[in-house]
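Thanks, everyone. I have one structure to go through today, in two parts: a pocket, and then a helix pair. Please have a look at it first.

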Amino acid sequence: MLLVAKIITAIVALLHLYFLWLEMFVWTTKAKKVFRNFPEDLFEPTKSMAANQGLYNGFLSAGLIWSLLIQDALWQFNVALFFLSCVLVAGLYGAYSVSKKIFMAQGIPALLGIVFFLLSYYI
């Protein structure tokens, strides 16, 4: 169970590195293909806002990667749960405020990571 939890955590971290890249570096080019429901004329005016969002995604990813590098099992569990919970809350809020697809992309993987960490710790 722990290995599955760590693999899911790594996937969530990679997803957020991808979001960082999209929002910070290719917002006005490649991100248009990913965020098709976003009006095309708003990409340029929202470039700095998207970069700020990308930075936050980078922080989430850094925390998740950090959790995978922690040697102490209890600390690893706590740090992973904290950052996966942050991602889950962001996914829930995104689903509520923007699109249900955000929960599918962010919330579900984070929730799976939480479940597998809990299973590995308590079983």
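By residue type, the lining of the largest pocket splits into 18 nonpolar, eight polar and three charged residues. Before I go on, note that this is a predicted model.

The volume of this largest pocket is about 1,100 Å³. It is lined by 29 residues, and those closest to the pocket centre are Glu23, Phe35, Gln53, Val98 and Ile102. Which elements give two or more residues to the lining? They are helix H1, residues 2-25, helix H3, residues 47-69, helix H4, residues 73-97, and helix H5, residues 100-122. The largest share comes from H3, with seven residues.

Now the helix pair. Two of the helices just listed, H1 and H4, also pack with each other, at an angle of about 45° and with 11 Å between their axes. Angles under 35 degrees count as roughly parallel, and 65 to 115 as roughly perpendicular, so H1 and H4 are oblique to each other. As for handedness, the crossing of H1 past H4 is left-handed.

Which residues make the contact? On the H1 side they are Leu2, Lys6, Thr9, Val12 and His16. H4 contributes Gln76, Leu84 and Val87. Sorted by type, the contact of H1 with H4 has four nonpolar residues, three polar and one charged. The charged one is Lys6, from H1.

To recap: a pocket of about 1,100 Å³, with H3 giving the largest share of its lining, and an oblique pair, H1 and H4, with a left-handed crossing. That is what I have.

Key: Residues numbered from 1 in each chain as written. Predicted model: local features only at pLDDT ≥ 70, side-chain atom pairs only at ≥ 80, totals over all residues. Heavy atoms only, no water. 1 Å grid on protein atoms, 1.4 Å probe; cavity = no way out; pocket = protein on both sides within 12 Å on 5 of 7 lines; lining within 4 Å. Points joined across faces, edges and corners; volume = space filled by probe spheres on them. Helix = DSSP H or I, 4+ residues; strand = E, 2+ residues; numbered from the N terminus. Axes fitted to C-alpha atoms, helices over the stretch in contact; angles between N-to-C directions. Parallel < 35°, antiparallel > 145°, perpendicular 65-115°, else oblique. Left-handed = near helix turned anticlockwise from the far one by under 90°. Contact = heavy atoms within 4.5 Å.
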